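Thanks for coming, everyone. I'll walk you through one protein chain, piece by piece. Please have the viewer open.

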Amino acid sequence: MASLLNVDLWTGLVAEDRRQSGARLCAFTGEDEAALLDTAGRCLPAEQVTWLLARLLDSIGGIRPVGVEHVRMLTVGDRDRLLFALCSATFSPEMDLVARCPFEECGELTELTVSLETLTGHVPATPPADSFEKQIELEEGPFTLRFRLPTGQDQEKACRHLAAQDAARVEAELVRECVLELRDAKGRPVDCAARRLAQIRPHLEAAWSELDPSADCFSQVECPACGRAYSAVLDALSLFMAGLENRGDIFHQVDRLARAYHWSERELLALSFQRRQRYLELVDSQARPS
Ligand SMILES: [Zn+2]
C-alpha cells in the first residue's frame with residue numbers, strides 16, 4: 001500500500017465526543033487523475049473538492065472510512081489545508097504561479113513562488129470550536145455576534161447559486177447560515193433582518209479570515225510594471241489542477257509508458273503521480289542521444 005500523507009486539520013470533526021483532527025490522505029494515483037478529469041465537466045468546483053477529498057481521505061482521527069458527508073462538514077479552511085498538502089506532496093512544496101496585475105490599464109504578468117508549507121503549517125492561536133463570539137458595532141449600537149465557520153456544504157451551495165448567476169444571494173445566504181445568534185447590549189436575542197445582515201457581513205468575513213486563515217490565502221505581489229501592490233488569491237483547487245495541467249495529458253503519459261514498458265493500463269494508472277513522473281523521466285533520458 002502506498003504511504004499515507006498526514007495532515008493536521010485545525011477544526012477537524014467531532015466524533016465520539018472528541019475532536020478528530022489528524023487526517024490521512026492516500027497518494028494521488030493515475031486512476032484518481034483520470035476520474036478527476038472526468039468529473040470536471042459534471043461538477044462545480046466545490047463539489048469537485050468534496051469528491052476528490054472523499055476519494056483520497058483514508059481517515060480523520062477515528063473516522064474511517066471517510067464519506068462525502070464528512071468532507072462536506074469540514075470547514076473551508078480545513079478542506080483547503082488538505083488540498084494544499086496534497087499539492088505539496090504530489091508536485092512540490094514550492095509552486096511557481098503567474099499573477100496578473102488587476103489594474104486595468106496595466107495587466108502585467110508576474111511570476112511568483114508560493115511555499116505551500118507555510119500555508120499548511122500555520123495553526124491559528126484560537127482553539128477550534130463549533131461556534132465563536134465577537135463584539136461588533138452596528139449602526140444601532142453594540143451587539144454580540146455568535147457565528148460558525150463556513151463548511152464544504154456552504155461552499156457547495158454558494159457554487160450552485162454562482163452557477164445560476166445569483167451572486168448577491170450567495171453572500172447573503174452564507175452570512176445568514178453562519179450567524180447563529182445576534183444579541184443586543186442587554187443580552188437579548190434580536191433578529192437578523194436583511195439590513196443588519198449587510199452590516200454584519202464585513203465583521204463576519206474579518207473574523208473568518210482571522211480564525212481560519214487557510215480558507216483565505218493570498219500572496220502579496222508588487223507589480224514590476226506599475227509598482228503598485230496587490231493581493232493574488234490562492235485558490236487551492238485551481239492550484240492543484242494547474243499542477244496537473246503543467247505535466248501534460250495523463251493519457252499521453254500512459255501511452256508512452258505502455259510502449260516503453262509494456263505494462264497494462266491498470267498497472268500504469270495504479271502508479272502514484274510522482275512514481276509515474278519518475279518513469280517518464282527515465283524513458284525521456286533513454287530516448288535522448290548521449
Ligand atoms: Zn501593474
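Start with an open sheet of three strands. Its order is S1-S2-S3, and the pairing is antiparallel. This is a predicted model, so keep that in mind throughout. S1 and S3 are the edge strands, each pairing on one side only. Neighbouring strands in this sheet are turned by 25° against each other on average, direction ignored.

Now the pairs. S1 and S2 run antiparallel and are joined by seven bridges. Look at aspartate 8: opposite it, in S2, stands glycine 22. The hairpin of S1 and S2 has two residues between the strands, and there glutamate 16 takes a positive phi near 50°. S2 and S3 also run antiparallel, with three bridges joining them. Here arginine 24 stands opposite serine 59 in S3.

What packs on this sheet? Helix H4 does, touching S1 and S2. The direction of H4 makes about 165° with that of S1.

Next, the inside. In general, nonpolar side chains in soluble globular proteins tend to be buried together. How many residues does the largest nonpolar core have here? The count is 35. Those with the most contacts inside it are Leu25, Leu57, Leu82, Leu83, Leu86 and Cys87. Several elements each supply at least two residues of this core, including strand S1 (5–15), strand S2 (18–25), helix H2 (45–56) and helix H9 (236–246). Which element gives the largest share? That is H4, with six residues.

Zoom in on leucine 57. Leaving out residues up to four places away in sequence, leucine 57 touches Ala23, Leu25, Val66 and Val71. Apart from this core lies another one, of eight residues. Among them are Leu145, Ala158, Leu174 and Ile200.

Stay with H4 for one more residue. Alanine 89 is found in this helix. Is alanine 89 buried or exposed? Neither: it has 19 other C-beta atoms within 10 Å, and buried needs 20 or more. So alanine 89 counts as partly exposed. Now find phenylalanine 273. It is 184 residues from alanine 89 along the chain, yet their C-alpha atoms are separated by 9.8 Å.

On to helix H1, residues 30–40. Its buried residues are Gly30, Glu33 and Leu36. Where do they sit on the helix? Seen down the axis of H1, they fall within an arc of 115°, so they line one face. What covers them includes H2, H9, helix H10 (250–261), helix H11 (265–270) and helix H12 (273–287).

Now step back to the domains. The domain assignment gives domain 1 as 5–123 + 228–243, domain 2 as 132–211 and domain 3 as 247–287. How far apart are the centres of domain 2 and domain 3? Taken over C-alpha atoms, 49 Å separate them.

Last stop, another sheet. Three strands form an open sheet in the order S6-S7-S8, with antiparallel pairing. The edge strands are S6 (132–138) and S8 (179–183), each pairing on one side only. From one strand to the next, the twist averages 25°. Strand S7, residues 141–147, runs antiparallel to S8, and four bridges join the two. One residue to click on is leucine 145: its bridge partner in S8 is leucine 182. And across S6, S7 and S8 lies helix H8, residues 194–211, running at about 135° to S6.

That's my tour. Over to you for questions.

Terms used
Residues are numbered from 1 along each chain as its sequence is written. This is a predicted model: local features need pLDDT of at least 70, side-chain atom pairs count only at pLDDT 80 or more; totals for chains, interfaces and linings use all residues. A nonpolar core is a set of buried Ala, Val, Leu, Ile, Met, Phe, Trp, Tyr and Cys residues joined through C-beta atoms within 7 Å. A residue is buried if 20 or more other C-beta atoms lie within 10 Å of its own, exposed if 12 or fewer, and partly exposed in between; C-beta atoms are placed from the backbone. Two residues are in contact if their C-beta atoms, placed from the backbone, lie within 7 Å. The arc is that of the directions from the helix axis to the C-beta atoms. Two strands pair if DSSP finds at least two bridges between them. Axes are lines fitted to C-alpha atoms, for helices over the stretch in contact, and angles run from 0 to 180 degrees between N-to-C directions. Domain bounds come from an automatic or database domain assignment.
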